[in-house]
Amino acid sequence: MRASDRAYATLLDEIQSGVLGPGTVLGEVDQAARLGVSRTPLREALGRLAADGLVAQQSPRVTVVTAIDAGDIREIFEVRRALEESAARLAAERGDAAAFAALAHDFARVDLGTAHGADGYYGLIARFDAMLDAAVANDYLTAALRTVRTHLVRVRRLARDNPARLAASVSEHRLIAAAIAARDADLAAHATHVHLHNALESILGALELDRKGAS
């Protein structure tokens, strides 16, 4: 792995996981030393993160992690809705029905009451995304989805502490996968629409609770 790729992967993971929170200053000298790379590959990594919208340059040598607020989240979900509903329709037409039926079965077996239940669910989400991309077979659509998902990792963390929402999300994904397996494009798109509406409402609700708790 190139030094710039390694630096990008590390910083991306730290931003998405919240280790580097919004407003964190990423000084060029400090980050290069911390990551064990020279300044040139670090600049390349920061440039990629800036293109992703995850950091912004405040001065030639100082970059900060961007904030994400309710307005940003709404905009992300507007794009997500258009992309994922289209992807669900295409997957229902082009995807491997048996594979999506097996995935729906696995979603039905998720037990959030176990110690690793949530981790298992998020593993299924990653599998669902990969299968959706493969079924769509459209490089332009999957590239756009990849960009949105880069931001969704940060957004999803806001809803992880809501067990009721997590349980509902499991059921919603099971329905989407089952609709794709049944080759029902309309149901797959509608189930995706409902899932995204519920996810957005939950995340915005969590932000509002945080805001009230901080005031």
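How many aromatic pairs does a search of the whole structure find? The search finds three. The exercises below work up to one of them.

**Ground rules**

This is a predicted model, in which local features need pLDDT of at least 70, side-chain atom pairs count only at pLDDT 80 or more, and totals for chains, interfaces and linings use all residues. Residues are numbered from 1 along each chain as its sequence is written, and side-chain values use heavy atoms, with hydrogens and water left out.

**Exercise 1. Describe the fold of the protein chain and its overall dimensions.**

Step 1: count the elements. The protein chain has nine helices and three strands. Helices (H or I, at least four residues) and strands (E, at least two) are DSSP runs, numbered from the N terminus.

Step 2: put them in order. Along the sequence the pattern reads α-β-α-α-β-β-α-α-α-α-α-α.

Step 3: test compactness. The radius of gyration of the protein chain is 19 Å, close to the 17 Å that the globule rule gives for 215 residues, so the chain is as compact as a globular protein of that length. The radius is taken over C-alpha atoms, and the rule is 2.2 Å times the number of residues to the power 0.38.

Step 4: add the extents. The C-alpha trace spans about 55 × 45 × 35 Å along its principal axes.

**Exercise 2. Characterise the burial, contacts and charge of the protein chain.**

Step 1: burial. Of the 215 residues, 44% are buried. Buried means under 20% relative accessible area, exposed over 50%, and partly exposed in between (1.4 Å probe, protein chains only).

Step 2: contacts. Take contacts between residues at least 6 apart in sequence: 75% of them join residues at least 24 apart. Contact means heavy atoms within 4.5 Å.

Step 3: charge. There are 25 positive and 28 negative side chains. Lys and Arg count as positive, Asp and Glu as negative; His and the chain ends are not counted. The centres of the two sets lie 3 Å apart. Each charge is placed at NZ of Lys, CZ of Arg, CG of Asp or CD of Glu.

**Exercise 3. Classify the ring pair of Phe-107 and Phe-128, and place it in the fold.**

Step 1: recall the criteria. Rings of Phe, Tyr and Trp (its six-membered ring) pair if their centres lie within 6.5 Å; planes under 30 degrees apart count as stacked, over 60 as edge-to-face and the rest as tilted.

Step 2: apply them. The search gave three aromatic pairs. In the pair of Phe-107 and Phe-128, the ring centres are 6.5 Å apart and the planes meet at 70 degrees, so the pair is edge-to-face.

Step 3: locate the partners. Phe-107 sits in helix α5 and Phe-128 in helix α6, so the pair ties together parts 21 residues apart in sequence.

Step 4: check burial. Phe-107 is buried at 1% relative accessible area. Phe-128 is buried too, at 6%.

Step 5: widen the view. Phe-107, Tyr-121, Tyr-122 and Phe-128 form one aromatic cluster.

**Exercise 4. Find the contacts of two buried helix residues, Asp-129 and Leu-83.**

Step 1: Asp-129. This residue lies in helix α6. Its relative accessibility is 14%, which counts as buried. Setting aside residues up to four places away in sequence, Asp-129 touches Arg-149 and Arg-156.

Step 2: Leu-83. This residue belongs to helix α4 (residues 70-94). Its relative accessibility is 15%, so Leu-83 counts as buried. Beyond neighbours within four places in sequence, Leu-83 is in contact with Leu-141, Ala-144, Leu-145 and Val-148.

Step 3: compare sequence and space. Leu-83 and Leu-141 are 58 residues apart in sequence and 7.1 Å apart C-alpha to C-alpha.

**Exercise 5. Locate two non-glycine residues with positive phi, and state their exposure.**

Step 1: Ala-137. Its phi is about 55 degrees. Ala-137 is in the loop between α6 and α7. At 60% relative accessible area, Ala-137 is exposed.

Step 2: Arg-183. Its phi is near 60 degrees. Arg-183 lies in the loop between α8 (163-181) and α9 (185-214). At 42% relative accessibility, Arg-183 is partly exposed.
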